[in-house]
Amino acid sequence: MCTRLIERSCASNMFKKALEARSLQRLSGADKKKLRRTAKDKFPRASDADIDAILPPKAEITVAKLQNRVVVYGVEGDIPMIFDTDGRGSDIYPTVYALWKVPDLLPYFTLKGGEVSHFIIGGADLMFPGISFPLEGLPSFAAGETWAVKVPGNPAPIAVGITTMSSSEALKAGLRGKALRITHHYHDSLWESVESRYVPNAGFFDDVVFADPSFSSSAGDASCDLDSEVGDIGPVEATVATDVESELEPTSAVHNDVSANIADGVAEEIDDLKVAEPISNDEPSVEGQPSMLAEDVDELLDKCLLQALHMTVKDKDLPMPGSTLWSNHVLPCRPMGVTLDIKKSSFKKLSKWLQSKSSCGLISVKEDKHKKEMILFSVNRKHLDYTSFKPEKRQVENAQAAGPATNENKSPVLLEIEEIYKPSSHVSPIFASVGADAGNFFKASDATDVVFSYVEKENLVKPTDKSFVILDAILCDALYKGTIKKGTIYPTEIHKKDLGPTFLNRMQAHLKVTRGSESAVKKGTIKPVQIMTERRQGNKKVTRVSGFEMFLMDAESLASELQKKFACSTSVAELPGSGKKGHEVLVQGGVIDQLAKHLVEQYGIPKKYIEVYDKTKK
């Protein structure tokens, strides 16, 4: 039976796979009241108004029993609000849809930064090193309590889970290990089961959540307090671990203080613990950050905007909503460890700041009256501020490397898989016209820049509608020659948003795999690594792994490493079949799951490139 490797951990999230309801029925009036009472008991922070918000008294409530025995209660068009993991009503949790209606329904942990949310959304549990603690110390909690997870600067929770230990146990463990076992998160199959699914604000993206640009609260972004929220201490570099990774060990002054307190016998006094610094060695202290003057914030805003306009904002992406400009372009350009809050500037609002930049001629913006949002339409790249600014070259941050890791789980060399394109004979004239070498490989963004450079050079933007491009003979042949049936009229124009994808489809797609100084380019798609467990004589199991050489891994080295890791014998053999090239490693024993996780953890092979076959199951 072939199954994709979808689990990076043993987290108890029951919504990793799409699940169908075995039965669906309406809840009776008596059962509605019983469910409301259970929710009130389970969520002691909730008021009667909060319960009414997630379980309206007069609304129709449906109950769906899933294949994994989970029971889901839905309202308002079957939007899931509550789910019951054991089906007996004793272990209920709110969904993210319920938490978006009542954000403070549960106590919550706040992540160190929005980048960390990528791992939570990917299915990882929450580890203590990934949590930003409030200034007054670690709050009190017991093992088995239900907590939510939030991102700094965004009031909407992204996940819900169960605490794995009490606060006193966490202190004794040195604030290491798993803090929260995630049961449900944004973008899992439960969230996706809603046809009219939505996100609560502009900070939510497909695989990551950042601060909400419209969020005007200065409290609660760095708090995991049960009863009150504290001021924002700003996002710091992300440190998070999945279950297949070793527990990260904090090495900052906070950890040293905690260890000293434990040695002195003060660890039991939770309320006395003070988190004086962020848990990071790489970033400056942010204690002095709230003292920034409005003029300093204004200057930082301008610098980040110019950096974004130079490095990431492309003309082909315009028009662009102001919230997208802020979340995807301006915020990532802020200095590491610095909080960029529009509320602390002299403008106070994102719209006013963008209007001021439009007034000085740097950009052109206009308000969308329907969405009530500023839209960026164009950038004046001849403006003095733009031409005089020298952008900084920054390396892409790796959230997984944000904190210290043990030698056992630290990847020896990072793996990068990049989609690149080679010009075909159809598009070569476009590259030649703009002076680009048609013999090179190009990233998707660079290839798209080439065709837009040609459009700009030949002045092909439609004068009456700048969102369309007029097709001259060369561009028309590059996009459509050989694809249009005889007798059919060739198009005369194309929308800007369709120009880039159409141009890329006419190029030869390749994948570039890089590990350290080694790299390999393969045309088309990459075949996944195959891991197979089967039975041999004497009912013994053997695990075979092949296809790893495309990811620049040596068979002999892998066999030696797996022999030490699993304490078993290994061997290397050529792949059977005359047409197959490469090797396979044979491992004695049924280590199919452990081996798959090891390849993800140690070698960075994406899970979509791993296939698992278990022939021992009938």
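**Notebook: loops, helix packing and aromatic pairs**

I looked up Leu175 and placed it in the loop between α5 (167–172) and β12 (178–185). I took helices (H or I, at least four residues) and strands (E, at least two) as DSSP runs, numbered from the N terminus. The structure is a predicted model, in which local features need pLDDT of at least 70 and side-chain atom pairs count only at pLDDT 80 or more, while totals for chains, interfaces and linings use all residues. Residues are numbered from 1 along each chain as its sequence is written, and side-chain values use heavy atoms, with hydrogens and water left out.

**Backbone entries**

I noted that phi of Leu175 is near 55 degrees, a positive value in a residue other than glycine. Leu175 is buried, with a relative accessible area of 4%. For burial I used these limits: buried is under 20% relative accessible area, exposed is over 50%, and partly exposed is in between (1.4 Å probe, protein chains only).

I then turned to Lys348, which also is not a glycine and has a positive phi of about 70 degrees. Lys348 sits in the loop between α9 (322–330) and α10 (350–359). Its relative accessibility of 44% makes Lys348 partly exposed.

I checked the peptide bond from Leu318 to Pro319 and found it cis, with omega near 0 degrees. Pro319 belongs to the loop between α8 (294–311) and β13 (320–321).

**Whole-chain entries**

I recorded 17 helices and 26 strands for the protein. Of its 618 residues, 46% are buried. I took contact to mean heavy atoms within 4.5 Å. Among contacts with a separation of 6 or more, 64% are between residues 24 or more positions apart.

**Leu325 and Lys481**

I located Leu325 in helix α9, where its relative accessibility of 1% counts as buried. Leaving out residues up to four places away in sequence, I listed Leu305, Val313, Met320, Val330, Leu354 and Leu376 as touching Leu325. For Val313, 12 residues from Leu325 along the chain, the C-alpha atoms of the two are separated by 8.1 Å.

I placed Lys481 in the loop between α14 (473–480) and β19 (493–495). Lys481 is partly exposed, at a relative accessible area of 48%. Again not counting residues up to four places away in sequence, Lys481 touches His426, Cys476, Tyr490 and Arg506. I read a C-alpha separation of 7.6 Å between Lys481 and His426, which are 55 residues apart along the chain.

**Packing of α13 and α15**

I examined helix α13 (residues 444–457) and helix α15 (residues 496–505), whose axes come within 9 Å and cross at roughly 120 degrees. Axes are lines fitted to C-alpha atoms, for helices over the stretch in contact, and angles run from 0 to 180 degrees between N-to-C directions. I therefore classed α13 and α15 as oblique to each other; angles under 35 degrees count as roughly parallel, over 145 as roughly antiparallel, 65 to 115 as roughly perpendicular and the rest as oblique. The α13 and α15 crossing is right-handed, and a crossing has that name if the near helix is turned clockwise from the far one by less than a right angle, or left-handed if anticlockwise.

I listed the residues in contact: α13 supplies Ala444, Ala447, Thr448, Val451, Phe452 and Val455, and α15 supplies Lys496, Leu499, Gly500, Phe503 and Leu504. By class, I entered eight nonpolar, two polar and one charged residues for this contact. The classes are nonpolar (Ala, Val, Leu, Ile, Met, Phe, Trp, Tyr, Cys and Pro), charged (Asp, Glu, Lys and Arg) and polar (the others, Gly among them).

**Aromatic pairs**

I found 17 aromatic pairs in the structure. Rings of Phe, Tyr and Trp (its six-membered ring) pair if their centres lie within 6.5 Å; planes under 30 degrees apart count as stacked, over 60 as edge-to-face and the rest as tilted.

I entered the pair of Tyr97 and Tyr198 as tilted, because the ring centres are 5.3 Å apart and the planes stand at 55 degrees. Tyr97 is in helix α3 (residues 96–101) and Tyr198 in the loop between α6 (189–192) and α7 (253–263), so the pair ties together parts 101 residues apart in sequence. Tyr97 is buried at a relative accessible area of 1%, whereas Tyr198 is partly exposed at 31%.

I next entered Trp100 and Phe204, an edge-to-face pair with 5.4 Å centre to centre and 80 degrees between the planes. This pair links Trp100 in helix α3 with Phe204 in the loop between α6 and α7, distant parts of the chain 104 residues apart. I noted both Trp100 and Phe204 as buried. My last entry is one aromatic cluster, formed by Tyr97, Trp100, Tyr186, Trp191, Tyr198 and Phe204.
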